[in-house]
Structures are given as C-alpha cells and as structure tokens.
Amino acid sequence: MTAETSQTLDRGLRVLKLLADTDHGLTVTELSLRLGVNRTVVYRLLATLEQHALIRRDLGGRARVGLGVLRLGRQVHPLVREAAMPALRSLAEDIGATAHLTLVDGADALAVAVVEPTWTDYHVAYRAGFRHPLDRGAAGKAILAARQHPMTDPGYMLTHGELEAGACGAAAPLLGVTGVEGSVGVVMLAEAVPERVGPRVVDAAREVAEALS
C-alpha cells in the first residue's frame, strides 16, 4: 500500500475477488484468514458491500457475489467495444469480411461489436446483439477451446454453415485479459475460409487483447 491508495477500498476489492473465485461462498472466518485481518473488519466490509448489492449472504452466513456486480458488468461492453474497434476495422478491410468481437454471456456467445467491410460487393450481415450457443459457430468454439486449454494458445477455429447456410467463419480467443472472456472473428460467404484468414484473425485478437490490457 502507498500513501495514495485506500486500504479499506483495497480490502473490499480483495473480498470481491475472493468471492468471485468460489462457487460456494466464504464465511467471515474464512475471509478473515485469507485477508489477514480480524473478523470485525470483515463484518464492516461485508456490510458496506451488501448495501450496494455487491455481495449477499445466505442463511448459513456465507457471503457470495451479489447481483449488483452484474449491473456493473453490463457497463463493460461499451468500454470493450470501443477498445476493439480499430483492430476490427482493420481486420474487416483487410479480409473483406464482416469482423466481430464476441463475449461470453451466460451459456451464449454475444456479439458486442461488428464492423462490415466498405469495399466488397457483398458480405454477411451480422449485427451487434446477435447471440448463439457457445458450442456453435467459430466465435463460441474459440472461447471454449481457450477454456479447455488455459495454459496454451489454441490458435483459431474454423466453421462452415453452423449459424447460417453458406457462411463460414474463423475466430481466435482473447488471451491474457483478466475478467474478459471472448473472441475475435470474421464471417464470410464462401465454401471455405482462405488460408491466410486464420492467422490474420489471431493477430487481430492479439491486438484487441493488448488494447484491453
């Protein structure tokens, strides 16, 4: 800690991070031990966070992340979208295909940013807000590949006709971005994805990850 930082705020944020990393919640005693502070401090932290709906306590007294965190999370999409737009524009213009940034939303893949190329005679219409199951389409499958192999770079995923007849896609996951699970990809009308598209999508995903880091 430095003179410019708040010890109380730091502890509150650490509480949220600890709770976010567990599915079953934590007791006051468990939080006290992990934070290295006494139980009275933890009680005060939890009471404040509970007032803002950032945590909730069940009947057994275990603290869990509250619904207020979800409301904060919804505000992340515009920030992520803004950071990703330069890389998406470059990707769309370079490949001549519709580029998109997709994030996880529950069990779905949700397109939060879409850029269409300006010079092509035709391209796939794709809109922000489009969602589909994670196990269908290149965008979702790239995210799942990163989940299944968290210590390695899974590269890119290719699909054909899974979301729209005659359309194929390529996507690469965002890697090394804390708190953001997503992918960058393109969708095009073609029988197969050209060979250079996969590596180019990986480069774009890396650019977006760097912009968010």
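## Helix packing at the start of the chain

Axes are lines fitted to C-alpha atoms, for helices over the stretch in contact, and the angles between N-to-C directions run from 0 to 180 degrees. In this predicted model, helix H1 (residues 7–20) packs on helix H2 (residues 28–35) at an angle of about 115 degrees, and the two axes lie 11 Å apart. The crossing in which H1 passes H2 is right-handed. On the H1 side the contact is made by Arg-11, Arg-14, Val-15, Leu-18 and Leu-19, and on the H2 side by Leu-31, Arg-34 and Leu-35. Sorted by class, the contact of H1 with H2 consists of five nonpolar and three charged residues, with no polar ones.

Helix H2 also holds Thr-29. With a relative accessible area of 38%, Thr-29 is partly exposed, because that value lies between the limits of 20% for buried and 50% for exposed residues. The C-alpha atom of Thr-29 is separated by 27 Å from that of Gly-179, a residue 150 positions away along the chain.

## The six-stranded sheet

Six strands form an open sheet in the order S5-S4-S3-S8-S7-S6, with antiparallel pairing. Strand S5 (131–133) and strand S6 (157–160) occupy the edges, where each has a single partner strand, so one side of each is left without a neighbour in the sheet. From one strand to the next, the twist averages 30 degrees.

Strand S8 (residues 182–189) is mostly covered, with seven of its eight residues buried. Its antiparallel pairing with strand S3 (residues 98–105) comprises six bridges, and within this pair Thr-102 stands opposite Ser-183 of S8. Strand S7 (residues 167–173) is joined to S8 by seven bridges, again in the antiparallel sense, and here Cys-168 has Met-188 of S8 as its bridge partner. Towards the S5 edge, strand S4 (residues 108–115) pairs with S5 in the antiparallel sense over three bridges, and the bridge partner of Ala-109 is His-132 in S5.

## Helix H6 across the sheet

Helix H6 (residues 138–148) lies across S3, S4, S5, S6, S7 and S8, and runs at about 30 degrees to S7. The buried residues of H6 are Ala-138, Ala-139, Gly-140, Ala-142, Ile-143, Ala-145 and Ala-146. These buried residues pack against S3, S4, S5, S6, S7 and S8.

## A positive phi at Ala-53

Ala-53 belongs to the loop between helix H3 (39–51) and strand S1 (55–57). Most residues other than glycine have a negative phi. Ala-53, by contrast, has a phi near 60 degrees, a positive value in a residue other than glycine. At 26% relative accessibility, Ala-53 counts as partly exposed, because that figure is not under the 20% limit for a buried residue and not over the 50% limit for an exposed one.

## Confidence of the model

Across the protein chain the mean pLDDT is 91, and 96% of the residues reach 70 or more. Confidence is highest in S7, at a mean of 97, whereas the lowest mean, 74, belongs to helix H4 (residues 68–74). Where pLDDT is low, the predicted coordinates should not be read in detail.

Terms used
Residues numbered from 1 in each chain as written. Predicted model: local features only at pLDDT ≥ 70, side-chain atom pairs only at ≥ 80, totals over all residues. Heavy atoms only, no water. Buried < 20%, exposed > 50% of the residue type's maximum accessible area, 1.4 Å probe, protein only. Helix = DSSP H or I, 4+ residues; strand = E, 2+ residues; numbered from the N terminus. Pairing = 2+ DSSP bridges. Left-handed = near helix turned anticlockwise from the far one by under 90°. Contact = heavy atoms within 4.5 Å. Nonpolar A, V, L, I, M, F, W, Y, C, P; charged D, E, K, R; others polar. pLDDT = per-residue confidence, 0-100.
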